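I opened this notebook to record what I looked up in one structure. The entries run from the overall form of a chain to single residues.

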2 protein chains.
Amino acid sequence: MLKPEILDPQGQAVQRALPRLGFEGVSDVRQGKRFELEVDGPVDDAALARIHDLAESFLANTVIEDFTVKVEEMVGEEK
Amino acid sequence: MLKPEILDPQGQAVQRALPRLGFEGVSDVRQGKRFELEVDGPVDDAALARIHDLAESFLANTVIEDFTVKVEEMVGEEK
């Protein structure tokens with residue numbers, strides 16, 4: 001997501017459009033990106049650290065964006 | 001996120017670039033959007049249902065995209 005101090009014109013446009021479309025009560029909208037990475041093998045601390053590096057160096061523009069790394073179970077994952 | 005059956009060239013480009021950049025073991029990358037909405041008042045079931053409608057009708061293109069709605073605590077929220 002864009003850092004809070006960075007202007008987000010896309011999010012603002014969505015936020016201003018919502019009352020016109022009948023949705024009140026949304027005071028702020030911010031738009032960002034998400035990446036879903038499928039990892040071979042176990043997602044242990046070492047893999048997570050690598051993915052954090054990868055996100056920091058290639059996926060996010062850390063000058064203007066914050067990012068978080070989250071682990072999710074795959075839907076329909078084989079047990 | 002794009003539905004699994006929809007091709008994601010951006011994600012594929014990222015996935016193919018990773019080994020060159022020294023990151024092995026990522027078998028799939030998919031890129032999508034996220035929106036952070038700040039809601040006035042309590043996020044109860046009614047508010048969530050409204051936001052689900054809003055996401056379905058305006059934020060996501062449900063022909064090609066899946067979406068999920070998640071509630072997150074605001075960082076620095078007043079208790």
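The entries below follow the order in which I looked things up.

**Entry 1: status of the model.** I note at the outset that this is a predicted model.

**Entry 2: secondary structure.** I began with the elements of chain A and found two helices and one strand. Read from the N terminus, their order is α-β-α. I then turned to the radius of gyration, which is 17 Å for chain A, whereas the globule rule gives 12 Å for 79 residues; the value is well over the rule, so chain A is more spread out than a compact globule.

**Entry 3: extent.** I looked up the box that the C-alpha atoms of chain A fill along the principal axes, and I recorded roughly 50 × 35 × 15 Å.

**Entry 4: domains.** Into which domains is chain A divided? I found domain 1 at 1–32 and domain 2 at 36–73. The centres of domain 1 and domain 2 of chain A, taken over C-alpha atoms, are separated by 26 Å. I also looked up the contacts between them: five residues of domain 1 of chain A are in contact with five residues of domain 2 of chain A.

**Entry 5: burial and contacts.** I recorded that 28% of the 79 residues of chain A count as buried. For contacts in chain A between residues at least 6 apart in sequence, I noted that 44% join residues at least 24 apart.

**Entry 6: surface and charge.** The accessible surface of chain A is about 5,500 Å², and carbon and sulfur atoms account for 52% of it. I looked up the charged side chains of chain A and found 9 positive and 17 negative, with the centres of the two sets 8 Å apart.

**Entry 7: Val63(A).** I located Val63(A) in the segment after α2 (45–59) of chain A. Is Val63(A) buried or exposed? Its relative accessible area is 66%, and exposed means over 50%, so I entered Val63(A) as exposed. I then looked up its separation from Leu2(A): the two residues are 61 apart in sequence, and their C-alpha atoms are 9.3 Å apart in space.

**Entry 8: Thr68(B).** In chain B, I found Thr68(B) in the segment after α2 (45–59). Thr68(B) has a relative accessible area of 66% and is exposed. Glu38(B) lies 30 residues away from Thr68(B) along the chain, and I recorded 16 Å between their C-alpha atoms.

Technical notes
Residues are numbered from 1 along each chain as its sequence is written. Chains are lettered from A and ligands numbered from 1 in the order in which they are written. This is a predicted model: local features need pLDDT of at least 70, side-chain atom pairs count only at pLDDT 80 or more; totals for chains, interfaces and linings use all residues. Side-chain values use heavy atoms; hydrogens and water are left out. Helices (H or I, at least four residues) and strands (E, at least two) are DSSP runs, numbered from the N terminus. The radius of gyration is taken over C-alpha atoms; the globule rule is 2.2 Å times the number of residues to the power 0.38. Buried means under 20% relative accessible area, exposed over 50%, partly exposed in between (1.4 Å probe, protein chains only). Contact means heavy atoms within 4.5 Å. Accessible areas come from the Shrake-Rupley method with a 1.4 Å probe; for residues, only the protein chains shown count as cover. Lys and Arg count as positive and Asp and Glu as negative; His and the chain ends are not counted. The place of a charge is taken as NZ of Lys, CZ of Arg, CG of Asp or CD of Glu. Domain bounds come from an automatic or database domain assignment.
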